[in-house]
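Welcome, and thanks for having the viewer ready. Let us walk through this model one selection at a time.

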Amino acid sequence: MSFYNYSLTLGRPPRFLGFKNYLDYLENPDVWVALSHTLIFVFFSVVLTTFLGSLLGGLFWRSSKMPGRRLALTLLFSPMILTPAAIGTFFRLNYDPTFGIFGYLTKMITGANIEYLGTEGWAFAALVGVDVWMWTPFMVLIILAALGSVPAAELEAAQIDRLSLWRQFRYVVFPHARFIIILGVILRTIDAFKVTDLVYQLTRGGPGGTTEVIGVMMFRKAFEAFSVGWTSGLAVITLFTAISFTAIFLYLLNMHKRKKIG
Amino acid sequence: MRSSWKTKLYHVVLWTVALAYFFPVLWIILSAFKTKNDLLATPPKWLFSPTLANFVNLFGRESFWPTLVNSLLISFLSVSIAIVVSFLAAYALSRFKPVGTDFIMFLILSIRMVPAAAVVVPVYLMYAALSWKDSFWAMTLFYAMFSVPFSLWILKGFMDGVSMRFDETGLANNASRFHIIFKVILPQVKPGLIAAFVFNLIFVWNEFLFNFILGGRNTTTIPTLLVSNSYQEGGVDWTFVASLGSIYLVPPVVALYFFQKYLLVGMTFGTVRGEV
């Protein structure tokens, strides 16, 4: 389909275009803008979730005897198992300049009345904020698993040897935890790359297209503008991107397995 | 040894973090018990007299009950189909190792890694051509297909962990393949089955885009209802969003509480194991 001029509204059979759709992407500034939004979004989202996730994961590491730990973790993890479509809707309320709790809190603290979702720049930040909020728990989970994979005996030995905290981390924790953390970061990258419903619900790509990421662009072109052929080409490109991410993920996974056996 | 007040302080900090994290969700739940005026009050109200009117209103809506039933039926049916299919597939791939097993697993996983918006167009055209749009069974089948990659990955991971010796012993003792699969292997991969089942349920329960595009009146699930019905009289109907949202989030959160130890396996396609 990606080689055709295929529109659902024209009501005529698809016309073969060869690579014309693909050439169009190269020239079409919207595609590049959406792509750059996606990459910036992925970058910030992944970096911030990894950072916050490590922080919280480290904080929760020694909590196995805490009363009500299971409930606390349920509360902590709950954002990531809720659907982005619902989260997007909820946060439209939370970010609302007049009624929203966030609008109110910023006004109380800074005195400024910020229309988060209506201002260019802020809308993007707000979007990243929600995504980070949603997916930090995932990194916490990964970090906890990673820390859990560090053998207790080695850590005790390091403590007995009075290694500084940094050295304990650098030479004992990190080599064991590294692999799982890398897997987590790759999975997170893939997820951030395919963000669609959250953005669609929160901002519809606006204001002024400043939050239009590649997923939203495809969705709108296909189901608001009905240019199916054009969208399919874009879908093929994202498909290959996603497949290459997956390949990296599996490559690392297999390498690790082999090392364990060998 | 830590002194006990230090431990207590540590726990208080952890609880505060967890609660702060949950706050935006909690706010929505609180909003569901507010009247429209309280909900939209400036400054936002912390104290208010709770009301059940929003829920009564919600239950009275024509669209609510069919949607709830759809959500439940579609999730359970599709995931059950997917689990049976992927359990058998996982057995085949794990035991007979046909040529290209790794490649098959790779292809199957990449289906789940692609942005949904890229997949939805071809599926939409196919469903339109077959006039399967807005059909309950077509929707269920789609979700079953959607759940297979994930389940297969988890189950194959678990199955690879079960030694071939069990199969060999079974065969040597004249047991049928069926006996081996269901009586010998199945009990050993139970955690995998539970993880796959629970997390696919959550995924299907949550899925919005495909339902929104491929579905219609007969197949609407809760997320779609939440999104498509939230506008009323020119503005967003926040009491509706808050009350439906609160009902929507109960099952996933409860599942998360009870199946927490499977969460990690669930979120990483079974590639990372460990206790949390």
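Before the first stop, a word on handedness: a crossing of two helices is left-handed if the near helix is turned anticlockwise from the far one by less than a right angle, and right-handed if clockwise. Please also keep in mind that this is a predicted model.

**Stop 1: chain A as a whole.** Select chain A and colour by confidence. The average pLDDT of chain A is 77, and 85% of the residues score at least 70. Confidence in chain A is lowest in strand E1 (residues 4-5), where the mean is 64, and highest in helix H6 (residues 122-148), at 85. Now switch to a cartoon: chain A holds 11 helices and 2 strands, and from the N terminus on its elements run β-β-α-α-α-α-α-α-α-α-α-α-α. Of the 262 residues in chain A, 44% are buried.

**Stop 2: H3(A) against H6(A).** Select residues 69-81 of chain A, which form helix H3, and keep H6(A) in view. The two helices pack at an angle of about 120 degrees, with their axes 7 Å apart. H3(A) and H6(A) are therefore oblique to each other. Which hand does the crossing of H3(A) and H6(A) have? The crossing of H3(A) and H6(A) is left-handed.

**Stop 3: H2(A) against H6(A).** Swap H3(A) for helix H2, residues 29-60 of chain A. The axes of H2(A) and H6(A) come within 6 Å and cross at roughly 45 degrees, so this pair is oblique. The crossing of H2(A) and H6(A) is right-handed. Show side chains at the contact of H2(A) with H6(A), and you will have 15 nonpolar, 8 polar and 1 charged residues on screen.

**Stop 4: helix H4(A).** Select residues 84-95 of chain A, the 12 residues of helix H4. From its first C-alpha to its last, H4(A) reaches 16 Å, close to the 16 Å expected at 1.5 Å a residue. How many of the 12 residues of H4(A) are buried? The count is 11, so H4(A) is largely enclosed by the rest of the structure. Among the buried residues to label are A:Pro84, A:Ile87, A:Phe90, A:Phe91, A:Leu93 and A:Tyr95.

**Stop 5: over to chain B.** Finish at B:Leu249, in helix H13 (residues 238-258) of chain B. B:Leu249 is buried, because 23 other C-beta atoms lie within 10 Å. For a last distance line, join the C-alpha atoms of B:Leu249 and B:Met164: the two residues are 85 residues apart along the chain, and these atoms are separated by 42 Å.

Notes:
Residues numbered from 1 in each chain as written. Chains lettered and ligands numbered in written order. Predicted model: local features only at pLDDT ≥ 70, side-chain atom pairs only at ≥ 80, totals over all residues. pLDDT = per-residue confidence, 0-100. Helix = DSSP H or I, 4+ residues; strand = E, 2+ residues; numbered from the N terminus. Axes fitted to C-alpha atoms, helices over the stretch in contact; angles between N-to-C directions. Parallel < 35°, antiparallel > 145°, perpendicular 65-115°, else oblique. Nonpolar A, V, L, I, M, F, W, Y, C, P; charged D, E, K, R; others polar. Expected span 1.5 Å × (residues − 1). Buried ≥ 20, exposed ≤ 12 C-beta atoms within 10 Å, placed from the backbone.
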